[in-house]
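Let's take a walk through this structure together. Keep the sequence and the 3D view side by side as you read.

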Amino acid sequence: MTDSVPTERLPSAGVLRRLGAMFYDLLLVVAVLIVLTSLMLPLTGGEAVTVGPYSKWKHGFQLLELVVIIIYFGVPWTRSGQTLGMQAWRLRVEREDGARLGWADVLKRLAAATVSLVLAFAGYWWIWIDRDKLAWHDRWTRTRVVVLPKNRS
């Protein structure tokens with residue numbers, strides 16, 4: 001990486017900072033999905049894709065939503081390591097060696113983070129007892145979330 005601060009000196013992000021960034025990103029993802037849904041409405045005559053004659057589109061639409069979510073996180077994680085929510089909270093995700101994530105890392109991290117989340121956030125609460133302040137999905141995917149110094153853009 002071309003960062004001026006060596007990654008080994010950057011501290012791992014705590015639970016509350018991560019949850020703040022996650023909430024920010026959640027708002028943005030929901031907004032993007034609302035726009036996606038609104039773009040579908042003219043094709044269905046204003047009907048939901050889950051009922052009536054358009055119910056056959058349900059699984060395709062859900063797959064499209066999943067792809068949009070993967071792109072929302074994947075593009076910034078592979079380019080800068082930061083989503084908009086992470087930028088606001090001065091966080092960056094990186095591999096253990098400090099390198100940017102590749103698309104395989106993105107897919108693994110999203111899948112593992114989903115497990116950490118759906119188990120009552122247990123994977124995130126683990127940060128409080130982990131010696132390196134890593135969540136389950138950080139360990140499973142050999143990635144970490146670091147806090148950037150205030151003087152960085």
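What follows moves from the helices to the core, then to the strands, the loops and the aromatic rings. Please keep in mind that the model is predicted.

A good place to begin is α1, which runs over residues 15-40. This helix has 26 residues, and its first and last C-alpha atoms are 36 Å apart, close to the 38 Å expected at 1.5 Å a residue. Its buried residues are V15, R18, G20, A21, D25, V29, L33, L36 and M40.

Next comes α4, at residues 103-118. Does its length agree with what its 16 residues should span? At 1.5 Å a residue the expected span is 22 Å and the end C-alpha atoms of α4 are 23 Å apart, so the two agree. Inside α4, the buried residues are D105, V106, R109, L110, A112, A113 and S116. These buried residues pack against α1, α2, β1, α5, α6 and β2.

D105 is worth a pause. This residue of α4 has a relative accessible area of 15%, and because buried means under 20%, D105 counts as buried. Leaving aside neighbours within four places in sequence, D105 is in contact with R95 and R100. For a sense of scale, D105 and A48 are 57 residues apart in sequence, and their C-alpha atoms are 34 Å apart in space.

Now for the nonpolar core. Which residues of the largest core touch the most other members? Of its 19 residues, they are F73, W77, M86, L91, V93 and V145. The elements α1, α2 (58-79), β1 (91-95), α4 and β2 (143-147) each supply at least two residues of this core. The largest share comes from α1, with five residues.

M86 gives a helpful view of this region. Not counting residues up to four places away in sequence, M86 touches A21, D25, W77, G81, L91, R92, V93 and V145. Among these contacts, W77 has another partner to look at: R109 lies over the face of W77, at 5.7 Å from the ring centre. R109 is also one of the buried residues of α4.

From here, turn to the strands. β1 and β2 pair in the antiparallel sense, over five bridges. Within this pairing, E94 stands opposite R144 in β2. How many of the five residues of β2 are buried? The count is five of five, so β2 is mostly covered. In a regular strand the side chains alternate between the two faces of the sheet. In β2, T143, V145 and V147 are on one side and R144 and V146 on the other, and with all of them buried, both faces are covered.

The loops leading into these strands each hold a point of interest in the backbone. R90 is found in the loop between α3 (84-88) and β1. R90 has a positive phi of about 55° although it is not a glycine, and at 24% relative accessibility it counts as partly exposed. R142 lies in the loop between α6 and β2. Phi of R142 is near 55°, again a positive value in a residue other than glycine. R142 is exposed, with a relative accessible area of 56%.

Just after α4, A120 takes a positive phi of about 55°. A little further along, A122 lies in helix α5, which covers residues 122-125. A122 is partly exposed, with a relative accessible area of 24%. Not counting residues up to four places away in sequence, A122 touches S116 and W136; S116 is among the buried residues of α4. A122 and I71 are 51 residues apart in sequence, with their C-alpha atoms 25 Å apart in space.

Our last stop is the aromatic rings. The structure holds six aromatic pairs. In one of them, the rings of F121 and W125 have their centres 5.9 Å apart and their planes at 35°, so the pair is tilted. The rings of W125 and W128 have their centres 5.3 Å apart and their planes at 15°, so this pair is stacked. F121 is partly exposed at 29% relative accessible area, W125 is partly exposed at 36%, and W128 is exposed at 58%. Ring pairs link F121, Y124, W125 and W128 into a cluster.

Notes: Residues are numbered from 1 along each chain as its sequence is written. This is a predicted model: local features need pLDDT of at least 70, side-chain atom pairs count only at pLDDT 80 or more; totals for chains, interfaces and linings use all residues. Side-chain values use heavy atoms; hydrogens and water are left out. Rings of Phe, Tyr and Trp (its six-membered ring) pair if their centres lie within 6.5 Å; planes under 30 degrees apart count as stacked, over 60 as edge-to-face and the rest as tilted. Buried means under 20% relative accessible area, exposed over 50%, partly exposed in between (1.4 Å probe, protein chains only). A charge sits over a ring if NZ of Lys or CZ of Arg is within 6 Å of the ring centre and within 35 degrees of the ring normal. A nonpolar core is a set of buried Ala, Val, Leu, Ile, Met, Phe, Trp, Tyr and Cys residues joined through side-chain atoms within 4.5 Å. Helices (H or I, at least four residues) and strands (E, at least two) are DSSP runs, numbered from the N terminus. Contact means heavy atoms within 4.5 Å. Two strands pair if DSSP finds at least two bridges between them. The expected span of a helix is 1.5 Å times one less than its number of residues.
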